[in-house]
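Let's take a walk through this fold together, from the whole chain down to a few single residues. Please keep the viewer open as you read.

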Amino acid sequence: MASASGSVAAENIAKAAKAAFETSQLIPSSERLKALSEIRKELESAKDEILAANRIDLEAAQHEVDAGRMSAALLKRLDFGKGDKWEAMLQGVTDVADLPDPTGNVSYASELDDDLKLYRVSCPIGVLLVIFEARPEVVVNIATLAVKSGNAAILKGGKESNETTQLLSKAIQAALSKTSLPGTYIQAIQTRAEVSALLELDQYIDLVIPRGSNSLVRNIQNNTRIPVMGHADGLCSVYLDESADLEKALRVVLDSKIDYPAACNAAETLIVHDSLLSTVWPAVAKALLAADVQLLCDPPTLSALTSLSPATPNLTTHIHPSTPTAYTTEHLSLTLSVLTLPSLAAAIQHINAHSSHHTDCIVTEAREAAAQFCRGVDSAGTFVNASTRFADGFRYGFGTEVGISTGRIHARGPVGLEGLVTYKYVLQGTGAQGHVVGELGVGEGKRQYKHRKFDASVVPF
(Lines give C-alpha, C1' and ligand atoms only; values in the text may rest on other atoms or scores of the structure.)
Protein backbone atom coordinates (compact mmCIF):
# COMPACT_ATOMS: atom_id res chain seq x y z
CA MET A 1 0.00 0.00 0.00
CA ALA A 2 1.28 3.50 -0.86
CA SER A 3 2.30 5.92 1.91
CA ALA A 4 0.16 8.98 2.64
CA SER A 5 2.67 11.33 0.99
CA GLY A 6 3.02 8.99 -1.99
CA SER A 7 -0.74 8.83 -2.37
CA VAL A 8 -1.07 12.61 -2.36
CA ALA A 9 1.69 12.98 -4.95
CA ALA A 10 0.16 10.27 -7.13
CA GLU A 11 -3.30 11.84 -6.91
CA ASN A 12 -1.88 15.19 -8.00
CA ILE A 13 -0.22 13.53 -10.99
CA ALA A 14 -3.42 11.71 -11.94
CA LYS A 15 -5.58 14.83 -11.51
CA ALA A 16 -3.18 16.82 -13.68
CA ALA A 17 -3.28 14.12 -16.36
CA LYS A 18 -7.09 14.06 -16.37
CA ALA A 19 -7.25 17.85 -16.55
CA ALA A 20 -4.71 17.85 -19.39
CA PHE A 21 -6.75 15.27 -21.27
CA GLU A 22 -9.97 17.25 -20.90
CA THR A 23 -8.25 20.45 -22.02
CA SER A 24 -6.68 18.72 -25.03
CA GLN A 25 -10.06 17.68 -26.40
CA LEU A 26 -10.76 21.28 -27.37
CA ILE A 27 -7.35 21.82 -29.00
CA PRO A 28 -7.13 21.34 -32.80
CA SER A 29 -5.62 18.05 -33.95
CA SER A 30 -3.02 20.06 -35.87
CA GLU A 31 -1.37 20.79 -32.53
CA ARG A 32 -0.91 17.06 -31.95
CA LEU A 33 0.87 16.76 -35.28
CA LYS A 34 3.05 19.72 -34.37
CA ALA A 35 3.90 18.03 -31.07
CA LEU A 36 5.03 14.86 -32.87
CA SER A 37 7.25 16.88 -35.19
CA GLU A 38 8.78 18.68 -32.21
CA ILE A 39 9.32 15.40 -30.35
CA ARG A 40 11.39 14.03 -33.22
CA LYS A 41 13.44 17.24 -33.43
CA GLU A 42 14.15 17.22 -29.71
CA LEU A 43 15.20 13.57 -29.79
CA GLU A 44 17.51 14.12 -32.73
CA SER A 45 19.23 17.05 -31.05
CA ALA A 46 19.66 15.11 -27.78
CA LYS A 47 20.82 11.84 -29.36
CA ASP A 48 24.41 11.85 -28.08
CA GLU A 49 23.35 12.73 -24.55
CA ILE A 50 20.63 10.09 -24.51
CA LEU A 51 22.89 7.31 -25.82
CA ALA A 52 25.56 8.27 -23.27
CA ALA A 53 22.93 7.91 -20.52
CA ASN A 54 21.97 4.54 -21.95
CA ARG A 55 25.59 3.36 -21.67
CA ILE A 56 25.51 4.30 -17.99
CA ASP A 57 22.33 2.25 -17.54
CA LEU A 58 23.90 -0.68 -19.44
CA GLU A 59 27.03 -0.63 -17.29
CA ALA A 60 24.98 -0.68 -14.08
CA ALA A 61 22.75 -3.42 -15.48
CA GLN A 62 25.76 -5.57 -16.44
CA HIS A 63 26.85 -5.52 -12.81
CA GLU A 64 23.35 -6.72 -11.85
CA VAL A 65 23.54 -9.54 -14.40
CA ASP A 66 27.00 -10.55 -13.18
CA ALA A 67 25.65 -10.65 -9.63
CA GLY A 68 22.71 -12.81 -10.69
CA ARG A 69 20.11 -10.15 -9.88
CA MET A 70 19.04 -9.44 -13.47
CA SER A 71 18.49 -11.67 -16.48
CA ALA A 72 20.60 -11.39 -19.61
CA ALA A 73 17.35 -11.05 -21.59
CA LEU A 74 16.46 -7.87 -19.69
CA LEU A 75 19.93 -6.49 -20.36
CA LYS A 76 19.50 -7.03 -24.11
CA ARG A 77 16.19 -5.17 -24.09
CA LEU A 78 17.85 -2.24 -22.35
CA ASP A 79 20.50 -1.68 -25.05
CA PHE A 80 19.34 1.39 -26.97
CA GLY A 81 22.34 1.53 -29.28
CA LYS A 82 21.93 -2.02 -30.60
CA GLY A 83 21.16 -2.43 -34.30
CA ASP A 84 18.65 0.06 -35.66
CA LYS A 85 16.74 0.70 -32.43
CA TRP A 86 17.39 4.44 -32.40
CA GLU A 87 16.53 5.01 -36.04
CA ALA A 88 13.51 2.72 -35.83
CA MET A 89 12.23 4.74 -32.86
CA LEU A 90 12.58 8.02 -34.76
CA GLN A 91 10.97 6.54 -37.86
CA GLY A 92 8.12 5.35 -35.66
CA VAL A 93 7.42 8.94 -34.62
CA THR A 94 7.22 10.02 -38.26
CA ASP A 95 5.16 7.00 -39.31
CA VAL A 96 2.60 7.59 -36.57
CA ALA A 97 2.37 11.28 -37.47
CA ASP A 98 1.64 10.30 -41.08
CA LEU A 99 -1.19 7.93 -40.18
CA PRO A 100 -4.80 9.08 -40.43
CA ASP A 101 -6.28 10.66 -37.31
CA PRO A 102 -8.04 7.80 -35.45
CA THR A 103 -10.43 10.19 -33.70
CA GLY A 104 -13.61 11.80 -34.99
CA ASN A 105 -14.36 9.01 -37.44
CA VAL A 106 -17.97 7.83 -37.87
CA SER A 107 -18.43 4.05 -37.92
CA TYR A 108 -22.24 4.05 -37.77
CA ALA A 109 -24.84 6.61 -38.81
CA SER A 110 -28.61 6.29 -38.61
CA GLU A 111 -31.56 8.63 -39.02
CA LEU A 112 -33.90 7.92 -36.12
CA ASP A 113 -36.56 10.41 -37.19
CA ASP A 114 -36.89 13.43 -39.45
CA ASP A 115 -34.03 15.79 -38.62
CA LEU A 116 -32.73 13.45 -35.87
CA LYS A 117 -29.46 11.72 -36.70
CA LEU A 118 -27.30 9.38 -34.62
CA TYR A 119 -23.54 9.01 -35.13
CA ARG A 120 -21.06 6.59 -33.54
CA VAL A 121 -17.80 8.55 -33.39
CA SER A 122 -14.29 7.40 -32.42
CA CYS A 123 -12.72 9.25 -29.50
CA PRO A 124 -9.72 8.86 -27.14
CA ILE A 125 -9.88 6.53 -24.14
CA GLY A 126 -8.64 9.17 -21.69
CA VAL A 127 -5.67 8.82 -19.34
CA LEU A 128 -3.28 5.92 -19.87
CA LEU A 129 -0.93 4.58 -17.19
CA VAL A 130 1.89 2.69 -18.90
CA ILE A 131 4.34 0.67 -16.80
CA PHE A 132 7.27 -1.03 -18.48
CA GLU A 133 10.64 -2.64 -17.86
CA ALA A 134 13.97 -2.16 -19.61
CA ARG A 135 13.16 -0.99 -23.15
CA PRO A 136 13.68 2.80 -22.94
CA GLU A 137 12.27 3.38 -26.42
CA VAL A 138 8.85 2.53 -24.99
CA VAL A 139 8.75 6.07 -23.54
CA VAL A 140 8.79 7.51 -27.03
CA ASN A 141 6.55 4.83 -28.54
CA ILE A 142 3.83 5.41 -25.97
CA ALA A 143 4.12 9.18 -25.97
CA THR A 144 3.87 9.24 -29.77
CA LEU A 145 0.78 7.05 -29.89
CA ALA A 146 -0.84 8.86 -26.98
CA VAL A 147 -0.36 12.28 -28.57
CA LYS A 148 -1.62 11.14 -31.98
CA SER A 149 -4.68 9.39 -30.54
CA GLY A 150 -5.57 12.24 -28.19
CA ASN A 151 -4.85 10.40 -24.93
CA ALA A 152 -2.92 11.73 -21.94
CA ALA A 153 -0.31 9.36 -20.51
CA ILE A 154 1.60 8.69 -17.31
CA LEU A 155 4.75 6.63 -17.91
CA LYS A 156 6.80 4.54 -15.48
CA GLY A 157 9.96 2.82 -16.67
CA GLY A 158 12.07 0.30 -14.80
CA LYS A 159 14.88 1.46 -12.54
CA GLU A 160 17.34 -0.26 -14.86
CA SER A 161 16.62 2.35 -17.60
CA ASN A 162 16.29 5.34 -15.31
CA GLU A 163 19.07 7.49 -16.78
CA THR A 164 17.86 6.95 -20.34
CA THR A 165 14.16 7.42 -19.69
CA GLN A 166 14.74 10.65 -17.77
CA LEU A 167 16.40 12.24 -20.79
CA LEU A 168 13.79 10.88 -23.19
CA SER A 169 11.05 12.32 -20.99
CA LYS A 170 12.91 15.63 -20.84
CA ALA A 171 12.98 15.79 -24.65
CA ILE A 172 9.25 15.06 -24.83
CA GLN A 173 8.46 17.78 -22.28
CA ALA A 174 10.59 20.24 -24.23
CA ALA A 175 8.63 19.37 -27.37
CA LEU A 176 5.24 19.79 -25.68
CA SER A 177 6.28 23.22 -24.38
CA LYS A 178 6.43 24.41 -28.00
CA THR A 179 2.74 23.57 -28.55
CA SER A 180 -0.56 24.51 -26.94
CA LEU A 181 -0.91 21.05 -25.40
CA PRO A 182 -0.66 21.08 -21.58
CA GLY A 183 2.76 20.28 -20.14
CA THR A 184 1.17 17.52 -18.02
CA TYR A 185 -0.23 15.76 -21.09
CA ILE A 186 2.68 13.27 -20.97
CA GLN A 187 4.18 12.73 -17.52
CA ALA A 188 6.91 10.40 -16.26
CA ILE A 189 7.11 9.02 -12.72
CA GLN A 190 10.03 7.34 -10.99
CA THR A 191 8.98 5.33 -7.94
CA ARG A 192 7.05 2.13 -7.24
CA ALA A 193 5.15 3.91 -4.48
CA GLU A 194 3.68 6.26 -7.06
CA VAL A 195 2.62 3.29 -9.20
CA SER A 196 0.90 1.57 -6.27
CA ALA A 197 -1.02 4.73 -5.47
CA LEU A 198 -1.95 5.40 -9.10
CA LEU A 199 -3.39 1.90 -9.48
CA GLU A 200 -6.04 2.88 -6.95
CA LEU A 201 -7.15 6.00 -8.83
CA ASP A 202 -9.74 4.66 -11.23
CA GLN A 203 -11.59 7.98 -11.06
CA TYR A 204 -8.74 9.59 -13.02
CA ILE A 205 -6.99 6.80 -14.91
CA ASP A 206 -8.87 4.95 -17.64
CA LEU A 207 -6.50 2.20 -18.79
CA VAL A 208 -3.32 0.53 -17.51
CA ILE A 209 -0.86 -0.93 -20.00
CA PRO A 210 1.94 -3.01 -18.43
CA ARG A 211 4.89 -4.11 -20.55
CA GLY A 212 7.38 -6.43 -18.91
CA SER A 213 7.79 -9.69 -17.08
CA ASN A 214 5.07 -12.12 -16.14
CA SER A 215 5.38 -11.10 -12.48
CA LEU A 216 5.01 -7.40 -13.31
CA VAL A 217 1.87 -7.90 -15.39
CA ARG A 218 0.25 -10.33 -12.95
CA ASN A 219 0.96 -8.03 -10.03
CA ILE A 220 -0.71 -5.10 -11.77
CA GLN A 221 -3.70 -7.17 -12.87
CA ASN A 222 -4.23 -8.32 -9.29
CA ASN A 223 -3.90 -4.88 -7.71
CA THR A 224 -6.15 -2.50 -9.58
CA ARG A 225 -9.79 -1.92 -10.51
CA ILE A 226 -8.69 -0.07 -13.65
CA PRO A 227 -8.94 -2.09 -16.88
CA VAL A 228 -5.58 -3.63 -17.85
CA MET A 229 -4.52 -4.24 -21.44
CA GLY A 230 -1.50 -6.38 -22.25
CA HIS A 231 -0.01 -9.82 -21.95
CA ALA A 232 1.88 -11.66 -19.24
CA ASP A 233 3.92 -14.04 -21.42
CA GLY A 234 5.10 -14.50 -24.97
CA LEU A 235 4.82 -18.27 -25.39
CA CYS A 236 4.87 -18.46 -29.18
CA SER A 237 4.93 -21.73 -31.13
CA VAL A 238 5.87 -22.83 -34.63
CA TYR A 239 4.18 -25.98 -35.94
CA LEU A 240 5.80 -27.95 -38.78
CA ASP A 241 2.89 -29.54 -40.59
CA GLU A 242 3.27 -32.83 -42.43
CA SER A 243 3.38 -30.95 -45.74
CA ALA A 244 5.99 -28.42 -44.58
CA ASP A 245 8.55 -27.33 -47.17
CA LEU A 246 12.11 -27.77 -45.90
CA GLU A 247 13.44 -24.39 -46.99
CA LYS A 248 10.45 -22.56 -45.54
CA ALA A 249 10.76 -24.54 -42.31
CA LEU A 250 14.44 -23.62 -41.98
CA ARG A 251 13.90 -19.94 -42.62
CA VAL A 252 10.77 -19.51 -40.52
CA VAL A 253 11.95 -21.52 -37.51
CA LEU A 254 15.39 -19.92 -37.38
CA ASP A 255 14.10 -16.39 -37.73
CA SER A 256 11.36 -16.97 -35.15
CA LYS A 257 13.93 -18.20 -32.62
CA ILE A 258 17.21 -16.38 -33.23
CA ASP A 259 16.34 -12.98 -34.71
CA TYR A 260 15.79 -11.55 -31.21
CA PRO A 261 15.38 -14.32 -28.60
CA ALA A 262 14.56 -11.89 -25.77
CA ALA A 263 11.47 -10.54 -27.53
CA CYS A 264 7.94 -11.58 -26.59
CA ASN A 265 7.27 -12.62 -30.19
CA ALA A 266 10.21 -15.04 -30.41
CA ALA A 267 9.32 -18.73 -30.72
CA GLU A 268 9.66 -20.75 -27.52
CA THR A 269 8.16 -24.07 -28.70
CA LEU A 270 8.64 -26.01 -31.93
CA ILE A 271 5.99 -28.64 -32.70
CA VAL A 272 7.01 -31.29 -35.24
CA HIS A 273 4.55 -33.57 -37.06
CA ASP A 274 5.70 -37.13 -36.46
CA SER A 275 6.03 -37.82 -40.21
CA LEU A 276 8.91 -35.31 -40.35
CA LEU A 277 11.13 -36.93 -37.72
CA SER A 278 13.56 -38.41 -40.24
CA THR A 279 13.31 -35.71 -42.91
CA VAL A 280 12.65 -32.07 -42.08
CA TRP A 281 13.34 -32.24 -38.34
CA PRO A 282 17.04 -33.28 -38.49
CA ALA A 283 17.81 -30.49 -40.97
CA VAL A 284 16.01 -27.89 -38.85
CA ALA A 285 17.73 -29.15 -35.71
CA LYS A 286 21.18 -28.92 -37.30
CA ALA A 287 20.49 -25.34 -38.37
CA LEU A 288 19.34 -24.42 -34.86
CA LEU A 289 22.40 -26.07 -33.30
CA ALA A 290 24.67 -24.21 -35.70
CA ALA A 291 23.04 -21.01 -34.37
CA ASP A 292 23.96 -22.06 -30.81
CA VAL A 293 20.36 -22.88 -29.81
CA GLN A 294 19.80 -25.24 -26.87
CA LEU A 295 17.15 -27.85 -27.73
CA LEU A 296 14.86 -29.33 -25.08
CA CYS A 297 13.50 -32.38 -26.90
CA ASP A 298 10.73 -34.86 -26.21
CA PRO A 299 11.62 -38.58 -26.66
CA PRO A 300 10.78 -38.87 -30.40
CA THR A 301 12.71 -35.76 -31.49
CA LEU A 302 15.57 -36.66 -29.15
CA SER A 303 15.74 -40.22 -30.50
CA ALA A 304 15.70 -38.95 -34.09
CA LEU A 305 18.80 -36.86 -33.39
CA THR A 306 20.76 -39.37 -31.32
CA SER A 307 20.34 -42.06 -33.97
CA LEU A 308 21.77 -39.96 -36.78
CA SER A 309 25.06 -40.95 -38.35
CA PRO A 310 27.35 -39.11 -38.32
CA ALA A 311 26.40 -37.76 -34.89
CA THR A 312 24.67 -34.40 -34.67
CA PRO A 313 27.02 -31.54 -33.74
CA ASN A 314 26.73 -30.29 -30.15
CA LEU A 315 24.83 -33.47 -29.22
CA THR A 316 26.10 -33.59 -25.66
CA THR A 317 26.15 -29.86 -24.95
CA HIS A 318 23.08 -28.49 -26.73
CA ILE A 319 20.49 -31.30 -26.83
CA HIS A 320 18.63 -32.22 -23.64
CA PRO A 321 15.51 -34.15 -22.65
CA SER A 322 12.53 -31.87 -22.08
CA THR A 323 10.33 -31.74 -19.01
CA PRO A 324 6.60 -30.88 -18.92
CA THR A 325 7.39 -27.35 -17.71
CA ALA A 326 9.49 -26.70 -20.81
CA TYR A 327 6.30 -26.16 -22.81
CA THR A 328 5.01 -23.46 -20.48
CA THR A 329 8.31 -21.61 -20.12
CA GLU A 330 9.16 -18.32 -21.81
CA HIS A 331 12.89 -18.88 -22.27
CA LEU A 332 13.75 -15.44 -23.70
CA SER A 333 17.09 -16.89 -24.78
CA LEU A 334 18.60 -19.28 -27.31
CA THR A 335 16.61 -22.18 -25.89
CA LEU A 336 13.78 -23.94 -27.73
CA SER A 337 11.37 -26.60 -26.46
CA VAL A 338 10.58 -29.27 -29.08
CA LEU A 339 7.54 -31.56 -29.18
CA THR A 340 6.29 -34.28 -31.54
CA LEU A 341 2.57 -34.57 -32.30
CA PRO A 342 0.63 -36.84 -34.67
CA SER A 343 -1.77 -34.36 -36.26
CA LEU A 344 -2.78 -30.79 -36.90
CA ALA A 345 -5.69 -31.19 -34.49
CA ALA A 346 -3.30 -32.28 -31.73
CA ALA A 347 -1.06 -29.29 -32.46
CA ILE A 348 -3.97 -26.87 -32.24
CA GLN A 349 -5.10 -28.46 -28.99
CA HIS A 350 -1.60 -28.24 -27.51
CA ILE A 351 -1.14 -24.60 -28.50
CA ASN A 352 -4.49 -23.55 -27.08
CA ALA A 353 -3.71 -25.33 -23.82
CA HIS A 354 -0.09 -24.24 -23.37
CA SER A 355 0.53 -20.99 -25.27
CA SER A 356 -0.06 -17.47 -24.01
CA HIS A 357 -2.32 -16.72 -27.02
CA HIS A 358 0.22 -14.21 -28.38
CA THR A 359 1.37 -15.42 -31.83
CA ASP A 360 1.62 -18.90 -33.33
CA CYS A 361 2.71 -20.09 -36.76
CA ILE A 362 2.19 -23.06 -39.06
CA VAL A 363 4.62 -24.07 -41.82
CA THR A 364 2.57 -25.92 -44.42
CA GLU A 365 1.92 -26.33 -48.12
CA ALA A 366 -1.68 -27.41 -47.53
CA ARG A 367 -4.23 -24.62 -47.84
CA GLU A 368 -6.82 -26.48 -45.78
CA ALA A 369 -4.30 -27.05 -42.97
CA ALA A 370 -3.48 -23.34 -42.97
CA ALA A 371 -7.17 -22.45 -42.80
CA GLN A 372 -7.82 -24.89 -39.94
CA PHE A 373 -4.80 -23.63 -38.00
CA CYS A 374 -5.78 -19.96 -38.35
CA ARG A 375 -9.38 -20.66 -37.32
CA GLY A 376 -8.59 -23.16 -34.60
CA VAL A 377 -5.70 -21.51 -32.76
CA ASP A 378 -7.03 -19.01 -30.23
CA SER A 379 -4.21 -16.46 -30.38
CA ALA A 380 -3.93 -12.78 -31.21
CA GLY A 381 -1.81 -13.69 -34.25
CA THR A 382 -1.98 -16.84 -36.39
CA PHE A 383 0.64 -16.92 -39.16
CA VAL A 384 1.20 -19.14 -42.19
CA ASN A 385 4.77 -19.67 -43.44
CA ALA A 386 5.93 -16.47 -41.75
CA SER A 387 8.11 -15.82 -38.71
CA THR A 388 6.43 -15.05 -35.39
CA ARG A 389 8.71 -12.02 -35.23
CA PHE A 390 6.37 -10.21 -37.61
CA ALA A 391 3.97 -9.72 -34.68
CA ASP A 392 4.87 -6.09 -34.11
CA GLY A 393 3.07 -2.78 -34.54
CA PHE A 394 5.84 -1.22 -36.61
CA ARG A 395 5.93 -4.22 -38.96
CA TYR A 396 2.14 -4.23 -39.23
CA GLY A 397 2.26 -0.62 -40.40
CA PHE A 398 0.91 0.89 -37.18
CA GLY A 399 3.95 3.18 -36.87
CA THR A 400 4.71 1.71 -33.44
CA GLU A 401 2.75 0.02 -30.66
CA VAL A 402 1.90 0.43 -27.01
CA GLY A 403 2.29 -3.32 -26.60
CA ILE A 404 0.70 -6.64 -27.47
CA SER A 405 -2.72 -7.51 -26.12
CA THR A 406 -3.72 -11.15 -25.71
CA GLY A 407 -7.14 -10.20 -24.40
CA ARG A 408 -10.33 -10.60 -26.39
CA ILE A 409 -12.08 -7.35 -25.57
CA HIS A 410 -11.43 -4.00 -27.25
CA ALA A 411 -7.93 -4.56 -28.71
CA ARG A 412 -5.95 -7.67 -29.63
CA GLY A 413 -2.45 -8.27 -30.98
CA PRO A 414 -0.07 -5.33 -31.54
CA VAL A 415 -1.95 -2.30 -30.25
CA GLY A 416 -1.52 0.83 -32.34
CA LEU A 417 -3.68 3.90 -32.74
CA GLU A 418 -6.95 2.05 -33.27
CA GLY A 419 -6.47 0.22 -29.98
CA LEU A 420 -6.21 3.54 -28.13
CA VAL A 421 -9.59 4.90 -29.15
CA THR A 422 -13.10 3.99 -28.13
CA TYR A 423 -16.31 5.63 -29.32
CA LYS A 424 -19.19 7.77 -28.19
CA TYR A 425 -22.66 8.29 -29.63
CA VAL A 426 -23.55 11.75 -30.87
CA LEU A 427 -27.23 12.52 -31.47
CA GLN A 428 -27.95 15.63 -33.51
CA GLY A 429 -31.43 17.10 -33.68
CA THR A 430 -32.11 19.88 -36.18
CA GLY A 431 -35.87 20.06 -35.88
CA ALA A 432 -37.54 23.42 -35.21
CA GLN A 433 -38.99 22.34 -31.85
CA GLY A 434 -36.34 19.98 -30.54
CA HIS A 435 -36.95 16.25 -30.20
CA VAL A 436 -38.71 14.32 -27.43
CA VAL A 437 -38.91 10.55 -27.06
CA GLY A 438 -42.61 10.55 -26.14
CA GLU A 439 -43.62 11.28 -29.74
CA LEU A 440 -41.97 8.10 -31.08
CA GLY A 441 -42.57 4.40 -30.56
CA VAL A 442 -45.57 2.08 -30.69
CA GLY A 443 -49.10 3.27 -29.99
CA GLU A 444 -51.81 5.58 -31.19
CA GLY A 445 -50.62 8.93 -32.41
CA LYS A 446 -46.93 8.02 -32.24
CA ARG A 447 -44.51 8.07 -35.14
CA GLN A 448 -42.41 5.00 -35.80
CA TYR A 449 -38.63 5.21 -35.67
CA LYS A 450 -37.07 5.31 -39.13
CA HIS A 451 -33.73 3.69 -38.23
CA ARG A 452 -32.49 4.48 -41.71
CA LYS A 453 -28.73 4.05 -42.09
CA PHE A 454 -26.82 6.55 -44.17
CA ASP A 455 -23.19 7.11 -45.14
CA ALA A 456 -21.09 9.53 -43.09
CA SER A 457 -17.37 9.69 -42.34
CA VAL A 458 -17.43 12.59 -39.85
CA VAL A 459 -20.07 14.40 -37.87
CA PRO A 460 -21.35 17.52 -39.67
CA PHE A 461 -20.47 19.99 -36.91
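What share of the contacts in the chain with a separation of 6 or more comes from residues 24 or more positions apart? Such residues account for 74% of those contacts, where contact means heavy atoms within 4.5 Å. The model is a predicted one, in which local features need pLDDT of at least 70, side-chain atom pairs count only at pLDDT 80 or more, and totals for chains, interfaces and linings use all residues. Residues are numbered from 1 along each chain as its sequence is written, and side-chain values use heavy atoms, with hydrogens and water left out.

**The chain as a whole**

The chain has 461 residues, of which 53% count as buried. Buried here means under 20% relative accessible area, exposed means over 50%, and partly exposed is in between, with a 1.4 Å probe and protein chains only. Along the principal axes, the C-alpha atoms fill a box of roughly 90 × 60 × 40 Å. The chain holds 16 helices and 17 strands; these are DSSP runs numbered from the N terminus, with helices being H or I of at least four residues and strands E of at least two.

**Strands and their partners**

Strands of a sheet pair through backbone hydrogen bonds, either parallel or antiparallel. For the pairings below, two strands pair if DSSP finds at least two bridges between them.

One open sheet has 4 strands in the order β16-β2-β1-β17, with antiparallel pairing. Its edge strands are β16 (421-429) and β17 (452-453), each of which pairs on one side only. Within this sheet, β1 (residues 106-113) and β2 (residues 116-124) are joined in the antiparallel sense over 6 bridges. If you look at Ala109, you will find it opposite Tyr119 in β2.

Now turn to β3 (residues 127-132). Is this strand enclosed or open? Since 6 of its 6 residues are buried, β3 is largely enclosed by the rest of the structure. In a regular strand the side chains alternate between the two faces of the sheet. In β3, Val127, Leu129 and Ile131 point one way, while Leu128, Val130 and Phe132 point the other way, and all are buried. The strand pairs with β4 (residues 152-156) in the parallel sense over 5 bridges, and Ile131 has Lys156 of β4 as its bridge partner.

**A helix pair**

Two packed helices are described by the angle between their axes and the distance between the axes. Helix α2 (residues 29-45) packs against helix α7 (residues 162-176) at an angle of about 135 degrees, with the axes 8 Å apart. The axes are lines fitted to C-alpha atoms, for helices over the stretch in contact, and angles run from 0 to 180 degrees between N-to-C directions. That angle makes α2 oblique to α7, given that angles under 35 degrees count as roughly parallel, over 145 as roughly antiparallel, 65 to 115 as roughly perpendicular and the rest as oblique.

On the α2 side, the contact is made by Ala35, Glu38, Ile39, Glu42 and Leu43, and on the α7 side by Leu168, Ala171, Ile172, Ala174, Ala175 and Leu176. These residues divide into 9 nonpolar, no polar and 2 charged (Ala, Val, Leu, Ile, Met, Phe, Trp, Tyr, Cys and Pro count as nonpolar, Asp, Glu, Lys and Arg as charged, and the others, Gly among them, as polar).

Glu38 lies in α2 and counts as buried at 12% relative accessibility. Leaving aside its neighbours within four places in sequence, Glu38 is in contact with Ala175 and Lys178.

**Residues in loops**

Asp233 is found in the loop between α9 (214-221) and β7 (236-240). At 17% relative accessibility, Asp233 counts as buried. Not counting residues up to four places away in sequence, Asp233 touches Asn214, Glu330, Ser356 and His358. Its C-alpha atom is separated by 7.0 Å from that of Cys264, 31 residues apart along the chain.

Two loop residues have a positive phi although they are not glycines:

| Residue | Phi | Loop | Relative accessibility |
|---|---|---|---|
| Asp292 | about 70 degrees | between α11 (280-290) and β9 (294-297) | 45%, partly exposed |
| His451 | about 50 degrees | between β16 and β17 | 53%, exposed |

Finally, the peptide bond from Ser309 to Pro310 is cis, with omega near 0 degrees. Pro310 lies in the loop between α12 (299-306) and α13 (315-318).
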